[in-house]
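The following exercises concern a single protein chain. Please consult the sequence and the model while working through each solution.

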Amino acid sequence: MELTASQNDALTELINIGYARAASALSDLTGHRITLEVPEVAIHRITEIANKLEKMLEGEVASVNQVFSGPITGNAILLLDREAALLLNRLLTDRPDMTGFDGAAREVITEVGNIVLNACLGAFGNLLKVQVTFTVPSLQIESVEKVLRSITIHDQGLEYALIIQTSFHIRVNNVSGYLVIILGVTSLETLLAELKKWEDRELA
């Protein structure tokens, strides 16, 4: 399944609205100007995404996972490779000597994930006019394959994943990661239908 050009543009615009909120919250939290960009959005079957992500994220990754429910149900995950996660941590906390995931580092990455995921899921809910609730986020330091397996093994109904390439810009540094939103068929259909209604409202 592929997104149409119109669906891709609308979804990118919607996520950018969420990212603007996340960037503002992160800037307020850290005192540094932070921007977030969405260079690319694509949809894939769940069976395909492990191979695709493993080519872009090698070895251990830091993943912040949040389950959401409502008319649209699934999992949202922020994925950063080890070096990106550590660099993001150093930039946000001014700890240049930080080289591992101690308790403080884990809290920072979890909070960044919490802000980004909440902003995006909140934008989905507010602008698409659907009620979305979400759980407390959890952090894993694992391979991509293990992260995805731990999610899909608990919910066999998940079939599609939106993969959103993400760029953080902080103090002339760029940190790349991926936002992955995993959905079942019904939730994807609902999302695309509500996205069309939102487009129509914007054009009216």
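**Exercise 1. In which helix is Leu192 found?**

Solution. Leu192 is found in helix H6. Helices here are DSSP runs of H or I with at least four residues, strands are runs of E with at least two, and both are numbered from the N terminus. The model is a predicted one, in which local features need pLDDT of at least 70, side-chain atom pairs count only at pLDDT 80 or more, and totals for chains, interfaces and linings use all residues. Residues are numbered from 1 along each chain as its sequence is written, and side-chain values use heavy atoms, with hydrogens and water left out.

**Exercise 2. Determine whether Leu192 is buried or exposed, and then examine two other residues of H6.**

Step 1. The classes must be fixed: buried means under 20% relative accessible area, exposed means over 50%, and partly exposed lies in between, with a 1.4 Å probe and protein chains only.

Step 2. Leu192 has a relative accessibility of 11% and therefore counts as buried. Its C-alpha lies 7.4 Å from that of Gln7, although 185 residues separate the two in sequence.

Step 3. Ala193 also lies in helix H6. Its relative accessibility is 40%, so Ala193 counts as partly exposed. From Ala193 to Gln7 the C-alpha distance is 9.9 Å, across 186 residues of chain.

Step 4. Lys197 belongs to H6, which covers residues 185–203. With 44% relative accessibility, Lys197 is classed as partly exposed. The C-alpha atoms of Lys197 and Val130 are 12 Å apart, and these positions lie 67 residues apart along the chain.

**Exercise 3. Compare the spans of H1 and H4 with their expected values, and state which residue follows each helix with a positive phi.**

Step 1. The expected span of a helix is 1.5 Å times one less than its number of residues.

Step 2. H1, residues 5–30, has 26 residues and reaches 36 Å from its first C-alpha to its last, close to the expected 38 Å. Just after H1, Gly31 adopts a positive phi of about 80°.

Step 3. H4, residues 103–128, has 26 residues and spans 37 Å between its first and last C-alpha atoms, close to the expected 38 Å. Just after H4, Lys129 takes a positive phi of about 60°.

Step 4. Lys129 has this positive phi although it is not a glycine. Lys129 is placed in the loop between H4 and strand E4 (133–134). Its relative accessible area is 63%, so Lys129 is exposed.

**Exercise 4. Describe the surroundings of Gln140.**

Step 1. Gln140 is located in strand E5, which comprises residues 138–143. Its relative accessibility is 21%, and Gln140 therefore counts as partly exposed.

Step 2. Contact means heavy atoms within 4.5 Å. Leaving aside neighbours within four places in sequence, Gln140 is in contact with Val61, Ala62, Ser63, Val147 and Ser150.

Step 3. Val61 is 79 residues from Gln140 along the chain, and their C-alpha atoms are separated by 7.9 Å.

**Exercise 5. Characterise the chain as a whole: how many helices and strands has it, and what are its dimensions?**

Step 1. The protein chain has six helices and seven strands. From the N terminus on, the elements run α-β-α-β-β-α-α-β-β-α-β-β-α.

Step 2. The radius of gyration is 16 Å, close to the 17 Å that the globule rule gives for 204 residues, so the chain is as compact as a globular protein of that length. The radius is taken over C-alpha atoms, and the rule is 2.2 Å times the number of residues to the power 0.38.

Step 3. Along the principal axes, the C-alpha atoms fill a box of roughly 50 × 35 × 30 Å.

Step 4. Of the 204 residues, 50% are buried. Among contacts with a separation of 6 or more, 73% involve residues 24 or more positions apart.
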